[in-house]
Amino acid sequence: MRVNMTVNGRPQQADDVWEGESLLYVLRERMGLPGSKNACEQGECGSCTVRLDGVPVCACLVAAGQAEGREVVTVEGLPEYAERRTSGESGGSALAPVQQAFIDAGAVQCGFCTPGLLVAADELLERHPDPSDADIREALSGNLCRCTGYEKILDAVRLAAVRTSASGEAS
């Protein structure tokens, strides 16, 4: 089957997709977007989190055909997605605010969980620009990190919230 979707703001097409093929496989192997990681293939770790029509989902659990006609945002598309959200245009920023905050807070270690955490955190900040620690923990609860105690990850989300509020991005 052929699957047409918008990925990171651009129309994309995947041909010869079989019924059981996951959205994760199509994104990584057919579209060359390796940011979403393939770890558990059971929706338990969150490493493959993408946004499907704005909602965070585990791409390993979504059949590619379910993305037909829908919008997918991967970690690679976060900078452009953040710009479109705030200004209505995309100018090609190198990193989304949440991505820069993860770097600045030292929240990136091995990097395997980072794409899913970034996508989930970005969605939280769009929905709730000034989240409490409980809000952050809930939003990231589907994402497992084996390297950290999560404190630097929480610091990064807090930092992104402060920065986006100060810059007027959160509306």
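**Helix packing in a predicted chain**

The protein chain has six helices and five strands, and the model is a predicted one.

Biologist: Nice to have a model to talk over. What pattern does the protein chain follow along the sequence?

Modeller: Reading along the sequence, you get β-β-α-β-β-β-α-α-α-α-α.

Biologist: How do you know that the radius of gyration of the protein chain agrees with a compact globule?

Modeller: We set one value against the other. The rule is 2.2 Å times the number of residues to the power 0.38. For 171 residues that gives a radius near 16 Å, and the protein chain has 15 Å, so the two agree. If you like box dimensions, the C-alpha trace spans about 45 × 35 × 25 Å along its principal axes.

Biologist: And what percentage of the residues count as buried?

Modeller: With buried meaning under 20% relative accessible area, 44% of the 171 residues qualify. As for contacts between residues at least 6 apart in sequence, 54% of them join residues at least 24 apart.

Biologist: On to the helices, then. Why are α4 and α6 called oblique to each other?

Modeller: Helix α4 covers residues 114-127 and helix α6 residues 151-167, and they pack at about 40° with their axes 11 Å apart. Angles under 35 degrees count as roughly parallel, and roughly perpendicular takes 65 to 115. An angle of about 40° fits neither range, so the pair is oblique.

Biologist: Which hand does the crossing of α4 and α6 have, left or right?

Modeller: Right-handed. The residues that meet there are L117, A121, L124 and L125 from α4, and I153, V157, A160 and A161 from α6.

Biologist: What makes that contact nonpolar by class?

Modeller: Ala, Val, Leu and Ile are among the residue types that count as nonpolar. The tally for α4 with α6 is eight nonpolar residues, no polar ones and no charged ones.

Biologist: What about α3 and α4, at what angle do they pack?

Modeller: Helix α3, residues 97-104, packs against α4 at about 125°, with the axes 9 Å apart. Roughly perpendicular ends at 115 and roughly antiparallel needs over 145, so α3 is oblique to α4. The crossing of α3 and α4 is right-handed.

Biologist: Which residues make the contact between α3 and α4?

Modeller: From α3 there are V98, Q99 and F102; from α4 there are T114, L117, L118, A121, D122 and L125. By class, the contact of α3 with α4 has six nonpolar residues, two polar and one charged. Asp counts as charged, so D122 fills that place.

How values were computed:
Residues are numbered from 1 along each chain as its sequence is written. This is a predicted model: local features need pLDDT of at least 70, side-chain atom pairs count only at pLDDT 80 or more; totals for chains, interfaces and linings use all residues. Side-chain values use heavy atoms; hydrogens and water are left out. Axes are lines fitted to C-alpha atoms, for helices over the stretch in contact, and angles run from 0 to 180 degrees between N-to-C directions. Helices (H or I, at least four residues) and strands (E, at least two) are DSSP runs, numbered from the N terminus. A crossing is left-handed if the near helix is turned anticlockwise from the far one by less than a right angle, and right-handed if clockwise. Contact means heavy atoms within 4.5 Å. Buried means under 20% relative accessible area, exposed over 50%, partly exposed in between (1.4 Å probe, protein chains only).
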